[in-house]
Amino acid sequence: MQRLTHLHESPSQTAGPYVHIGCVPNFAGITDVYEADLGAAMVTDNTKGERITVTGTVFDGTGTPLRDAMMELWQADAQGLYPGRDGADPTFTGWGRTAGDAETGQWSMETVRPGPVPFTDGRMMAPHISIWLVARGINIGLQTRMYFPGDPMLGDDPWLTRIEHQNRVPTLIAQETTPGTFKFDIHLQGPDETIFFDV
Amino acid sequence: MSDGPLFHRNRDRHPKALTPDYKTSVVRSPQKALLSMPTTLSEEAGPVFGHDIIGAHDNDLIVNYAAAGEMAIGQRIIVHGRVLDENGRGVPNALIEVWQANAGGRYRHAKEGYIAPLDPNFGGCGRTITDDQGGYSFRTIKPGAYPWPNGVNDWRPAHIHFSVFGHSFGQRLITQMYFEGDPLIPLCPIVRTITDAEAVSQLVAPLDMNNTVPMDARAYHFDIVLRGRRSTMFENRIEGN
């Protein structure tokens, strides 16, 4: 028999308590190496679309906020095009990176409301922001998605409708706390445990 | 940039979320099963970084924080290798970020309390972007081992943290590089979150005498593998193959 020659993905290890030194050093007080932290700004004054603020807190199984996490956000532009694709808004990076506040753990990011993007079969998915979360005690980055409350596409979304336990879907939907500000808390454990994906 | 579904993650080679000997994982590990999904454009696309973001000394931790004319203290090393995907192809333009303790095992961080002193000429962060073949290299000092509050006498083996971007958000990976021959590796509760011995060995960089610079710096070789992607003519993709 022939042998498959695929390599294996390098195994993950926790980002640890000092991830900020490597990924957001200016935030960590190391201000002399890079001009700015990557991913600190997703938009410029010229970015097209509805400006929004996304914010949230990550909670552990005891209800304590994580104060040493790092989140990355990845989304399409207002037209539903991912950066780097033909026609995408060149002023929008689509990718943001944020550490929670050192005291409260709350994070926040200025962005635009994304447009819908296609599922594997061409049906459109409701607008969403992909989130990747790492921290001390998290052995492999956690992947989830944030959707928008009241979005008319939510009911037919081909990703959300695949989820067996529909009573957990609200863990993926942000709350609009004030117009244009969306709060998306993540619970690592407990009755409100956020849905995380193997994708 | 070609789209295509990513190979599924072989989670047997990754640490499980709940690894009680690494105590912090107990309250930070999801308790419900991960929901399996096919990759979509949201996972297959990813942020793009240009070589222009990289400063002249970003990949040289010996000097990138040091005062003019000064250098970080420690054993001078070069770490180099390639970023590959599971199909064995080099991944060009992959952003790599690294961070590490200084030669005494001390991080430059507000929450760090180890007695070992800071090195005024060492910050501990660096970054680079892979070349056309997926190759990368950076220069640094060998980090020290250090104790950490987990068990009463747990020590981390010398290690360098790696954050790696491929071309897809779903390839995003953070891992750690260890050094050949370190007796602390098999004792470490964080290393031991990986239960497959062959997978652990994938994180241990061998000494590379061929690329060692005589009278200057030893070299360690460290390849990183990211998820591959399927591409056969039978994939039903609206964007084509």
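These legends accompany close-up views of a predicted model with chains A and B.

**View 1. Chain A holds an open sheet of 4 strands.**
The strand order is β5-β1-β11-β10. The pairing is mixed. At the edges lie β5 (107-112) and β10 (175-178) of chain A, and each of these pairs on one side only. From one strand to the next, the twist averages 30°.

**View 2. Strand β1 of chain A runs antiparallel to β5(A).**
Here β1 covers residues 51-56. The two strands are joined by 6 bridges. One bridge links Gly56(A) with Trp107(A), its partner in β5(A). Strand β5 is also an edge strand of the sheet.

**View 3. Chain B meets chain A across an interface of about 7,200 Å² of buried area.**
On the chain B side, 86 residues are in contact with chain A. On the chain A side, 70 residues take part. Carbon and sulfur atoms give 58% of the buried area. Look for Arg28(B), Met37(B) and Phe169(B): together they supply 12% of the area that chain B buries against chain A. No other three residues supply more.

**View 4. The largest pocket has a volume of about 490 Å³.**
Its lining is made of 27 residues. Closest to the pocket centre are Pro17(A), Tyr18(A) and Arg136(A), along with Trp148(B) and Pro149(B). Two elements of chain B, β6 (146-148) and β8 (159-164), each give two or more residues to this lining. Strand β6(B) gives the most, with 3 residues. By class, the lining has 11 nonpolar residues, 8 polar and 8 charged.

**View 5. The second largest cavity is lined by residues of chains A and B.**
The model has 3 cavities of 30 Å³ or more. The second largest holds about 60 Å³ of space. Rolling a probe the size of a water molecule over the atoms shows where such empty space is left. From chain A, the lining takes Ser130(A), Gln143(A), Thr144(A), Arg145(A), Trp159(A), Phe197(A) and Val199(A). From chain B come Glu43(B) and Phe169(B). Phe169(B) also appears in View 3, among the three residues that supply 12% of the area chain B buries against chain A.

**View 6. Strand β9 of chain A gives the largest share of the second largest cavity's lining.**
This strand spans residues 142-147 and supplies 3 lining residues. Over the whole lining, 4 residues are nonpolar, 3 are polar and 2 are charged.

Definitions and conventions:
Residues numbered from 1 in each chain as written. Chains lettered and ligands numbered in written order. Predicted model: local features only at pLDDT ≥ 70, side-chain atom pairs only at ≥ 80, totals over all residues. Heavy atoms only, no water. Pairing = 2+ DSSP bridges. Axes fitted to C-alpha atoms, helices over the stretch in contact; angles between N-to-C directions. 1 Å grid on protein atoms, 1.4 Å probe; cavity = no way out; pocket = protein on both sides within 12 Å on 5 of 7 lines; lining within 4 Å. Points joined across faces, edges and corners; volume = space filled by probe spheres on them. Nonpolar A, V, L, I, M, F, W, Y, C, P; charged D, E, K, R; others polar. Contact = heavy atoms within 4.5 Å. Buried area = accessible area lost by both parts, 1.4 Å probe.
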